[in-house]
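User: Hey, got a minute to walk through a model with me? I'd like the overall picture before we dig into single residues.

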Amino acid sequence: MKKEIICTVCPMGCHITVEGEGEQILSVTGYTCKRGLEYASAEFAHPVRILTTTVKTDSEKCPLLAVRSNKPIPKEKQMDCMAVIRGIQAKAPVNRYDVLVENICDTGVDIVATGVLK
C-alpha cells in the first residue's frame, strides 16, 4: 500500500510518500528532516488524533461544555469514544482540566474539560 502524508510537524508541509503493508514500512520518501520521517512513519503505521468535542451539561445558561482528550487517541477508536461522550452529561461545577471520562474505551486517555461550568 502507498500513502501520501502531509507532514504537520513544521511549517514546510512536506508531501511524504510511505509504502508498506500493515505496520511494516518498506520505504519513506519526500521528507526533509528526521522529525518528518518519524511523523510519517507513525502516521502510516498507527495514526492518532487529539479528540476535541463538546458534552451536554445540566446548565440552562451553558448547555454545552468544550472537552478534549488529554493525549492522542488511536484514529480507529475515535467513533467509539464519541459514542461514550454522547452519553455523558457534565454537572456543575466543572473546572478546566477536570477529568470527565477516565480511560475512555480502554485507551489510557482521559477526556478533560477545556471550559468552565459554574
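User: Let's start with R35. Leaving aside neighbours within four places in sequence, which residues is R35 in contact with?

Analyst: Those would be V9 and C10, once the neighbours within four places are set aside. Keep in mind that this is a predicted model.

User: How far apart are R35 and V9, along the chain and in space?

Analyst: They're 26 residues apart along the chain, and their C-alpha atoms are separated by 7.0 Å.

User: And where does R35 sit?

Analyst: R35 belongs to helix α1, which covers residues 34-45. Its relative accessible area is 47%, so it counts as partly exposed.

User: OK, zooming out. How many helices and strands are there?

Analyst: Two helices and 10 strands. Reading from the N terminus, the order is β-β-β-α-β-β-β-β-α-β-β-β. The radius of gyration is 18 Å, well over the 13 Å that the globule rule gives for 118 residues, so the protein is more spread out than a compact globule.

User: What box do the C-alpha atoms fill?

Analyst: Roughly 55 × 30 × 20 Å, taken along the principal axes.

User: What share of the residues is buried?

Analyst: Buried residues are 31% of the 118. As for the surface, the accessible area is about 7400 Å², and carbon and sulfur atoms hold 53% of that.

User: How much of the contact set is between residues 24 or more positions apart?

Analyst: Among contacts with a separation of 6 or more, 46% are between residues 24 or more positions apart.

User: What about charges, how many positive and negative side chains?

Analyst: There are 15 positive and 14 negative side chains, with the centres of the two sets 7 Å apart.

User: Let's switch to the second helix. Is C81 buried or exposed?

Analyst: Buried: its relative accessible area is 0%, and the cut-off for buried is under 20%. C81 is located in helix α2, residues 78-86.

User: What's C81 touching, beyond its neighbours within four places in sequence?

Analyst: L51, I73, I104 and C105.

User: And how far is C81 from S69?

Analyst: The C-alpha to C-alpha distance is 9.9 Å, with their positions 12 residues apart in sequence.

User: Same kind of question for D80, how far is it from C105?

Analyst: D80 and C105 are 7.1 Å apart, C-alpha to C-alpha, and 25 residues apart in sequence. D80 is in helix α2 too, and at 45% relative accessibility it counts as partly exposed.

User: Now Q78. Which backbone oxygen lies 3.3 Å from a polar atom of its side chain?

Analyst: The one of R49. R49 also shows up among the contacts of Q78 when neighbours within four places are left out, along with L51 and I73.

User: Is Q78 buried or exposed?

Analyst: Buried, because its relative accessible area of 14% falls under the 20% cut-off. Q78 lies in helix α2.

User: Changing topic: loops. Where is S59?

Analyst: S59 is in the loop between β5 (52-57) and β6 (64-69). At a relative accessible area of 16%, S59 is buried.

User: Which backbone nitrogen lies 3.2 Å from a polar atom of the S59 side chain?

Analyst: The backbone nitrogen of K61.

User: Backbone geometry next. Is the peptide bond from A92 to P93 cis or trans?

Analyst: Cis, with omega near 0°. P93 is in the loop between β8 (89-90) and β9 (99-101).

User: And what's phi for Y97?

Analyst: Near 75°, so you've got a positive value in a residue other than glycine. Y97 is also placed in the loop between β8 and β9, and with 55% relative accessibility it counts as exposed.

User: What about phi for D106?

Analyst: About 55°, again positive in a residue that is not a glycine. D106 is found in the loop between β9 and β10 (111-113).

User: Is D106 buried or exposed?

Analyst: Exposed, since its relative accessible area is 69% and the cut-off for exposed is over 50%.

Terms used: Residues are numbered from 1 along each chain as its sequence is written. This is a predicted model: local features need pLDDT of at least 70, side-chain atom pairs count only at pLDDT 80 or more; totals for chains, interfaces and linings use all residues. Side-chain values use heavy atoms; hydrogens and water are left out. Helices (H or I, at least four residues) and strands (E, at least two) are DSSP runs, numbered from the N terminus. Buried means under 20% relative accessible area, exposed over 50%, partly exposed in between (1.4 Å probe, protein chains only). A polar contact is a pair of N or O atoms within 3.5 Å; within protein, one must be able to donate a hydrogen and the other to accept it, and residues adjacent in sequence count only if both atoms are side-chain atoms. The radius of gyration is taken over C-alpha atoms; the globule rule is 2.2 Å times the number of residues to the power 0.38. Contact means heavy atoms within 4.5 Å. Accessible areas come from the Shrake-Rupley method with a 1.4 Å probe; for residues, only the protein chains shown count as cover. Lys and Arg count as positive and Asp and Glu as negative; His and the chain ends are not counted. The place of a charge is taken as NZ of Lys, CZ of Arg, CG of Asp or CD of Glu.
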